[in-house]
Amino acid sequence: MHFTINGQSYDAEPDIRTSVLDLCREHLGLTGSKKGCDHGQCGACTVLINGRRVNSCLTLAVMHQDDEITTIEGIGQPGNLHPLQDAFVRHDGYQCGYCTPGQICSAVGMLDEVKKGWASHASGDLTDPKFDDAEISERMSGNLCRCAAYPNIVDAIREVGDTAPKGRSADEKDAAMDANARGELVA
């Protein structure tokens, strides 16, 4: 089978039951995408397929032979970070780092959806969705962070999405992190 991943061509012969995640990790050595739950519930395995966000643990590799697959390795490189990677570092949105590849791939896809004017469940106006914290949180709700770095992740995405306000005060971040630690998800 032939695959295009991160702009490179790969030939591999995985079992037809192999997921895109296992193809990347086990057959091609692309270990940036993580296996969190293996049930499509945590988003750690999120990749882009033809620019759309996909839980790679749930989709079979055989279905994507003619598609363009982008993993975190194709988003940016050391010394040449993608703006989202840079923002995650500056806003401390990576914490332990396990979910970060999926968070960043999902955010790249989400920003493209916003750019195209696609509404989400949280959009009040289906023809002109606003890009606020509630919108970002809803669009990123398929990506879990066990470290509760949500406020920092939202700040990083908002910054790259070029929307105001440009960040939170240290006190606001601390309050949101404390609320998240208590189980109250705050964007």
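Visitor: How many helices and strands does the secondary structure of the protein chain come to?
Guide: This is a predicted model. From the N terminus on, its elements run β-β-α-β-β-β-α-α-α-α-α. The secondary structure therefore comes to 6 helices and 5 strands.

Visitor: How are α2 and α3 oriented to each other: parallel, antiparallel, perpendicular or oblique?
Guide: The axes of α2 and α3 come within 10 Å and cross at roughly 125°. An angle from 65 to 115 degrees would count as roughly perpendicular, and one over 145 as roughly antiparallel. The angle here falls in neither range, so α2 and α3 are oblique.

Visitor: Is Tyr94, in the loop between α2 and α3, buried, partly exposed or exposed?
Guide: Tyr94 helps to make a nonpolar surface patch with Leu81 and Val89. Its relative accessible area is 33%. Buried means under 20% and exposed means over 50%, so Tyr94 is partly exposed.

Visitor: Which residue forms a salt bridge with Glu113?
Guide: Side chains of opposite charge can pair when their charged atoms come close. For Glu113, the closest N and O atoms of the pair are 2.9 Å apart. The pair links helix α3 to strand β4, with the two positions 60 residues apart in numbering. The partner in strand β4 is Arg53.

Visitor: Arg158 meets Asp155 in a salt bridge; about how many helical turns separate the two?
Guide: The N to O distance in this salt bridge is 2.8 Å. Asp155 and Arg158 both lie in helix α5. Because they are 3 residues apart there, the separation is about one helical turn.

Terms used. Residues are numbered from 1 along each chain as its sequence is written. This is a predicted model: local features need pLDDT of at least 70, side-chain atom pairs count only at pLDDT 80 or more; totals for chains, interfaces and linings use all residues. Side-chain values use heavy atoms; hydrogens and water are left out. Patches are made of residues with over 30% relative accessible area and no salt bridge: like charges are joined within 9 Å, nonpolar side chains (Val, Leu, Ile, Met, Phe, Trp, Tyr) within 5 Å. Accessible areas come from the Shrake-Rupley method with a 1.4 Å probe; for residues, only the protein chains shown count as cover. A salt bridge is a side-chain nitrogen of Lys or Arg within 4 Å of a carboxyl oxygen of Asp or Glu. Buried means under 20% relative accessible area, exposed over 50%, partly exposed in between (1.4 Å probe, protein chains only). Axes are lines fitted to C-alpha atoms, for helices over the stretch in contact, and angles run from 0 to 180 degrees between N-to-C directions. Helices (H or I, at least four residues) and strands (E, at least two) are DSSP runs, numbered from the N terminus. Angles under 35 degrees count as roughly parallel, over 145 as roughly antiparallel, 65 to 115 as roughly perpendicular and the rest as oblique.
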